[in-house]
Amino acid sequence: MADILGRVVATERRPNTPHQFHFWTALDAPVGIGTIVRVEGTDPVAGQLPQVYGVVVEGFSYSDLESPLHDVLGADGAPERAGRAATRRTEIRLYTANVLRHIPDDPLQPVALGAVYLAADADVAIALRMDAYLKEGSRTAIPVGLYRAGATASPIHLDADFLLGPEAAHLNISGVSGLATKTSAVEWLLASIFAHFPDKKGSVAALCFNVKGPDLCFLDQPATRLDASDLELYARLGVPAEPFTNVRYYAPYTARGYTLNTLRSHEALAHNVQPLTWGLREVLEYAEVLLNKDDVDAKADALIDFIRERVVDQEFRDDLLGEPRRVQSFTDLERWFSDLLKAMEAKDRESWRTHHVATIRKVRNRLTNISTRCAGLVTDDGTVSDLPWGKFEDRGVYVIDVAKQEEDAQDLIFARVITQLRERLEKRALGVDHVVVFVDELNKYAPSDGPDTYVRKMLLDVSERGRYLGLVLFAAQQFRSQVHRRVVGNAGTALFGRMDSDELATPGYATLPPATRTKLSTLDKGELMVRHPHFTQPVFVRFPRPAVLSGREGVERFPQASEPTLDEAIVRALRQLDRTVTLEWVKETIALAEEDEVLRARNRTQQARPEDVKAFFRAQLKRRVAPEVMAPRPRPAIRTGPADDPYAF
Amino acid sequence: MTADESLGSAWRMAESYAPRAGGASVRASAAILRGLPGASVVSVLGVDATAPSLESLDPAGGTPVSVAPASPLESGRLETRAVAPAVTPGFTAFLDGIQRSVVIGQLGGLVPVVHGTVGAVVRVRRERVLSTWRDGALVARALYLPLTRLDAATRAACEAGGIALVDTGEEGDPAHPHGRLASARLAIQRAREEAESKLAMAWCAAGGGPLYVDGSISGFGEAALSPLAVGVVKSHRTLYVPAPDVPLLAGLAVGSRTTAFAVDARRRARIASWYLRLRSGDGADPFSGLVRVEIAESAFSPARADDVSDWVLAERQPVALPDPRWRAMAYGIRDCEEYLRAVAD
């Protein structure tokens, strides 16, 4: 029999209700804000002794003094004398708890004056309604952390049906920056999902956008700072303390094009880092992401549609242009525009196929400079290196490093990747049944105010309809109040790390009791408050440090590679495909080629991943005749004049 | 053996959250009397637990003031002595009792029916924290009235309803209703003193350690002879100093005591006593902040008086505020009263 922790108490001024009750405890009782307790009723209701589960949301302590002044007077104003008093003044610890669950739940009655016990493991499961999804045979539980109170340490589980769909879905994490809460929590939770997502619910993969620094750049490397308490947490929660085994990184090139624009550029980690580059066709589908309404009026939109449907990737014939054209890259498109405008000028025409010359010039300007605005991501020559659409793997993690990208490029990447995920999940043609998309800095991409951008609309769409498709948004931000209400509102599960006091003062947190808000503002690293559809009140949990190398440690252990020369960049890229490629071979092979041509050849080789890398790469370069060193031809001897010819020279 | 067993079955231990022990409450008693069939000799008033008690209406209970003779024990005349400040608290426990009397009806129109609640408790101090000794407080509730005036039906109903009846006899002035009231109140006071006495004797028999008793110990029988019981009297309606020495007593400095004297009352034990100034007076009452300490005469010595005075002085902190008697009250006694109010009222 467990020890009695306290007693429910009610007065006329402070009565209990069906939703809240008060209890007192001994001074040394292991109770605090967030502690889960069980109340045992004494009078049967409908033949059953009522059991009420609650979570402590407020605590009070007071003595029998009516005024602080009395204590001061009693000690003659000397605090140390008060401490030497023969007797400790009577003190009460009074707690207020919000009800988590009544058993039986009908009739719903005020909480009875019963004994209060610290909730044991089984009590915690019942209190949080986890018992429904912890049952063998219908288990859909995903551990999120360990609830601790006194000697109790109970695993807290989320319901996969409500975390990854279809009942509810999405996760939102809030917390101040710098405490490693948000990224760490997501890394931990992904590991937990991968370890516990039930087979019967299908496969699951994660796609993470690394939006700042090296946060997610070392998910496949083991952590160096897991201590015994972390390992105990992993063991208790049944999650292996190991890094992710199947991680692939994607990053656009730098504007110069030599290397990938990522902090994960150390040669030892290059084996699973691939370029992310798109050509005209990929970009044109999402032109509206980069073109605002001022850019694209109805006329311009019509011309873009025409180009997309009638010009790109097909043979295009027009009397004005003469020869048939095939536009496959930005270079082709620029040439097409240039030829069209010249022809119109030559024939003194102001419109072509109902499109005015000014509209044509405007669309040319807006479209062709996309490759400049998104240099490194968008290729002029149409080379494409993309995510493995249709071949996503179960328990695979796909990281797209956009940290160093300009805003336009980031928007383009978000828009295209998420749209592709949605379309392919709709067709069940992604390779997995569920994808968790992790987006940090959500307040930037789905702000509560500001213009209605394409990216925000897309995130709204995912948050509102994604759960039916298996497209799940895990989003994080420092200030939840600055994120669009519908995006955070649709997140079935919410995690809160340490919060800023100003943020906690916003209306979104008004439903939390003051003590809970205060606790939120003082949470330690590794502590979270969890809201989940099954939990009628938020619960505090502790989770272990992620079993992956942190970004900060990662960049120290795997420092960024120095900016290479063109030769070195080509060697690095090709050696991922063929270990026999050497610097000497590359130097010899590209000696006569232009830089653009070399980079194009590298891109095409990476895209094709041919059997014979060297031959393929060489074939992409224009044939040039090597200069032949000619021996000087012997010059004919100058005839000398007869020595006896006085008229000679 | 529990305190319950050792103190007799008439006393029942009161527990928190248990059905009210120690007899029927004011409300229950009134309800039983009101529910009697037909005409009863008792006319029940509309009272409940919140009704003002006789003690709150007249705290002194009509006790007259007096100056009583006392035999000096330390010197021939009353002198004052400074007491060294205490270093270590000497008391192990505190004993106090409460009483509450409420008129709930009238018998034949002139004889008040008084509901009395008495309680006593020992609170033990361990590591500066007070807790209840043994199983709890002694609590008893009863109706105090001249039983000869009660008809058989009412008496039977009371007994059936668990109402204890205490006969106040025909004491007091039957011509004046207040005389009956005084009789009832005196009986209740005796019941309270009896409860305190039983607890004090039990404590001293158990040899627990020095016991701080609120009030006189002279009526505590065996306990009054024990070196463990120390009585601390806050009221001074009877002064045990010669009239010329009253100004000396009124001007006693804080932390000083008088020389000891013996108090010998009728039907009570002879005890050693002295005055001790805990705090300066409040200006209105020269004896405010003054207490009279009692110990068994057999345990008395000047050194013992100094030690006990030290201990009593050490109990000035924490201050017993917000109790209005805080200048002369130890916090442990306030704690006893708070406890009794919680379980007995």
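This passage describes the domains of chain A and the interface between chain A and chain B in a predicted model.

Chain A is a good place to begin. Its assignment gives four parts: domain 1 covers 4–66 + 90–127, domain 2 covers 162–276 + 385–554, domain 3 covers 281–373, and domain 4 covers 564–620. Domains 1 and 2 are thus each written as two segments, while domains 3 and 4 are each given as a single range. Between the C-alpha centres of domain 1 and domain 4 of chain A there is a separation of 71 Å.

Turning to the partner chain, 16 residues of chain B are in contact with 19 residues of chain A. The area buried between the two chains comes to about 1700 Å², and carbon and sulfur atoms carry 51% of it. On the chain A side, the residues that lose the most area to chain B are A:Ala86, A:Thr87 and A:Arg88, which together make up 35% of what that side buries.

The polar side of the interface can be described pair by pair. One salt bridge is counted between chain A and chain B. Its partners are the side chains of A:Asp64 and B:Arg334, with an N to O distance of 3.5 Å. Residue A:Asp64 falls within the 4–66 segment of domain 1. Eight residue pairs are found in polar contact across the interface, both members having pLDDT 80 or more. As for secondary structure, β1 (4–9), α1 (68–74) and α2 (79–83) of chain A each give two or more residues to the side that touches chain B. By residue class, that side of chain A consists of eight nonpolar, five polar and six charged residues.

Notes:
Residues numbered from 1 in each chain as written. Chains lettered and ligands numbered in written order. Predicted model: local features only at pLDDT ≥ 70, side-chain atom pairs only at ≥ 80, totals over all residues. Heavy atoms only, no water. Domains from an automatic or database assignment. Contact = heavy atoms within 4.5 Å. Buried area = accessible area lost by both parts, 1.4 Å probe. Salt bridge = Lys/Arg side-chain N within 4 Å of Asp/Glu carboxyl O. Polar contact = N/O pair within 3.5 Å; in protein donor to acceptor, adjacent residues only side chain to side chain. Helix = DSSP H or I, 4+ residues; strand = E, 2+ residues; numbered from the N terminus. Nonpolar A, V, L, I, M, F, W, Y, C, P; charged D, E, K, R; others polar.
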